[in-house]
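User: I have a structure open and want to go through some of its details. Can you take my questions one at a time?

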Amino acid sequence: MLLVTHGTDGDVLPFVRLGRVLRGRGHEVTLLTHAPYRRRAETAGLGFVPIDTPETYDRYLADSALLPGARGTLSWLDFYRRNALFDQLALECRALSARIGPGRTVLVGRHTSALSVLVVRELLGIPAAWVAVAPIQPMAAGVARHLHQHVLASGIDAVRDGLGLAPVADWPSWFASADLHLGLWPRWFDQAGPPSSPRLRLTGFPHPDEPVKGPGEATRPEPLPAEVAGLLRGPVRPVLVTGGTGRMLHEGFYEAAVAGCHQAGSPVLLVTPHRDLIPHRGLTPDRDLTPHHESTTHHELTPPGVMWQPRLPFAAVMPEVAAVVHHGGIGTLTRALVSGSPQVILAHGADRPDNAARLAAEGLARWLPETRWSPEEVARTLTAALQSGSRTDPAAALQDSLRPALQDTADGLTEAAEHLESLLDRPAPHPFRTLAGLPADQRRVLAARLRRRRAERGTP
């Protein structure tokens with residue numbers, strides 16, 4: 001099982017856990033993703049192929065083109081070129097091709113972004129699946145396809161040419177050519193908004209942040225920093241504020257969240273790996289931003305009543321906080337659901353408004369669009385969530401038959417694994433290609449490339 005995914009925790013960690021489930025079912029699993037996730041993958045017993053370096057990944061996340069407000073002036077082709085994303089696509093295709101065994105391999109890619117699995121499926125006749133982690137991915141597939149076809153096709157076709165493939169002739173068909181489409185959310189979540197295509201097979205939410213353990217090891221809870229444990233044991237439980245691990249947030253998210261919590265009288269436990277995103281209003285020079293009380297400059301100080309941590313084990317923290325104010329990322333909302341934590345979602349961009357609206361429709365969260373992020377309205381919404389008292393069953397607003405979909409997500413990933421295994425029994429899209437089996441035009445392309453490389457190296 002060869003898995004390919006891109007993005008941040010909400011996009012990558014579900015694939016790590018899916019890989020762990022597949023490995024437990026006897027499969028050899030390799031994950032191709034961003035370099036900082038190596039430890040997560042290898043601890044789960046997965047093979048790992050980095051598609052970038054920690055430095056290039058950080059530059060990619062910090063690229064201003066990913067920030068809200070950049071869309072009007074964004075050139076996606078320039079963005080792909082300066083972040084070497086076409087080179088990354090070529091690397092993925094080569095790495096996948098080198099690990100394939102005919103008749104015993106399945107390609108599994110993140111829906112919309114993992115074009116490499118479609119390329120290698122076409123090249124070598126290997127069955128492929130696209131896995132969506134949020135409903136907006138398949139819903140927006142037509143827009144994504146249009147972008148790839150009309151803006152990025154030149155770079156994609158150059159990668160294809162390097163593999164001996166002709167340019168894509170029928171983009172709608174090719175972009176939908178995966179043999180299996182999976183959605184990692186339950187049926188009730190799908191029905192709470194615009195429903196997915198019947199072609200998409202739904203399995204259930206995965207937990208994105210289980211305690212890390214190695215193969216055969218007992219699960220060990222990750223210890224909390226002493227200052228966090230003390231805050232959680234204090235007389236007033238804090239509100240957890242987080243925008244996830246990425247930087248693709250509205251610039252006013254953290255300021256609105258913290259101001260609303262302050263107005264509601266709630267202390268804040270703020271979690272983000274990006275210290276420059278932390279709001280700086282109401283600074284006092286004796287309060288230190290860093291979790292270990294290192295010396296800092298004035299601009300690195302937190303406002304009063306805020307404790308900052310770059311990362312925390314949400315599985316341990318969320319059940320102990322008064323509420324969670326977050327951006328609407330699928331991983332964060334899933335963990336909050338399982339923890340039974342009241343949720344206030346300040347949703348803006350990507351899949352977040354759709355995710356938030358689905359939860360609100362079922363009475364499981366309250367949400368505000370960016371136009372309503374005044375401190376007063378955030379405070380009112382948070383106060384209402386706290387007063388609702390719902391820290392018991394997170395599925396109390398749902399029928400009893402829906403509760404297992406929230407509480408037991410392991411079955412969802414088991415079902416996803418079974419669907420992927422079914423591809424091993426299917427005939428390949430076309431017979432596995434040896435060199436002799438390639439069409440004549442592809443053989444000519446490869447032969448010309450070999451001659452050119454030999455000439456460059458001065459070999460006969």
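User: Which ring does the charged end of Arg 358 sit over?
Analyst: The ring of Phe 189, with the charged end 5.8 Å from the ring centre. Keep in mind that this is a predicted model.

User: How many aromatic pairs does a search of the whole structure find?
Analyst: The search gives 13. One of them is Trp 130 with Phe 175, an edge-to-face pair at 5.3 Å centre to centre and 85° between the planes.

User: Where in the chain are those two?
Analyst: Trp 130 is in strand 5, residues 128-132, and Phe 175 is in helix 10, residues 171-175. They are 45 residues apart, so the pair links distant parts of the chain.

User: Buried or exposed?
Analyst: Trp 130 and Phe 175 are both buried.

User: What is the geometry of the pair Phe 253 and Tyr 254?
Analyst: That pair is edge-to-face, with 4.9 Å centre to centre and 80° between the planes. Phe 253 has 1% relative accessibility and therefore counts as buried. Tyr 254 is buried as well, with a relative accessible area of 3%.

User: Which residues of helix 13 are buried?
Analyst: Helix 13 covers residues 253-263, and its buried residues are Phe 253, Tyr 254, Ala 256, Ala 257, Val 258, Gly 260 and Cys 261.

User: And what do they pack against?
Analyst: Five strands and a helix, listed by residue range: strand 8 (239-242), strand 9 (268-271), strand 10 (306-309), strand 11 (323-326), strand 12 (343-347) and helix 17 (375-388). After helix 13 comes Gly 265, with a positive phi near 80°.

User: Back to the start of the chain. What is the reach of helix 1 from its first C-alpha to its last?
Analyst: Helix 1 has 16 residues, 9-24, and reaches 22 Å, close to the 22 Å expected at 1.5 Å a residue. Gly 26 follows helix 1 and has a positive phi, near 100°.

User: Why is helix 1 described as largely enclosed?
Analyst: Because twelve of its 16 residues are buried. Among them are the charged residues Asp 9, Asp 11 and Arg 17, along with Leu 13, Phe 15 and Val 21.

User: Now the sheet. What is the order of the seven strands?
Analyst: The order is 3-2-1-4-5-6-7, in an open sheet with parallel pairing. Strand 3 and strand 7 are at the edges with a single partner strand each, so one side of each has no neighbour in the sheet.

User: How many bridges hold strand 2 and strand 3?
Analyst: Four, between residues 30-33 and residues 47-50. Thr 30 has Gly 47 as its bridge partner in strand 3. The connection from strand 2 to strand 3 goes through helix 2, residues 38-43, and this β-α-β crossover is right-handed.

User: How many bridges at the other edge, between strand 6 and strand 7?
Analyst: Two, again in the parallel sense, with strand 6 at residues 180-183. Gly 183 is bridged to Leu 202 in strand 7.

User: Which residues form the aromatic cluster?
Analyst: Tyr 37, Tyr 57, Tyr 60, Trp 76, Phe 79, Tyr 80 and Phe 86 form one cluster.

User: Last one. What does Gln 88 touch, leaving out residues up to four places away in sequence?
Analyst: His 6 and Ile 51. Gln 88 lies in helix 5, residues 85-98, and is buried with a relative accessible area of 12%.

Notes. Residues numbered from 1 in each chain as written. Predicted model: local features only at pLDDT ≥ 70, side-chain atom pairs only at ≥ 80, totals over all residues. Heavy atoms only, no water. Expected span 1.5 Å × (residues − 1). Buried < 20%, exposed > 50% of the residue type's maximum accessible area, 1.4 Å probe, protein only. Pairing = 2+ DSSP bridges. Right-handed = clockwise from strand over helix to strand, strands pointing away. Phe/Tyr/Trp six-rings, centres within 6.5 Å; stacked < 30°, edge-to-face > 60°. Lys NZ or Arg CZ within 6 Å of the ring centre and 35° of its normal. Contact = heavy atoms within 4.5 Å.
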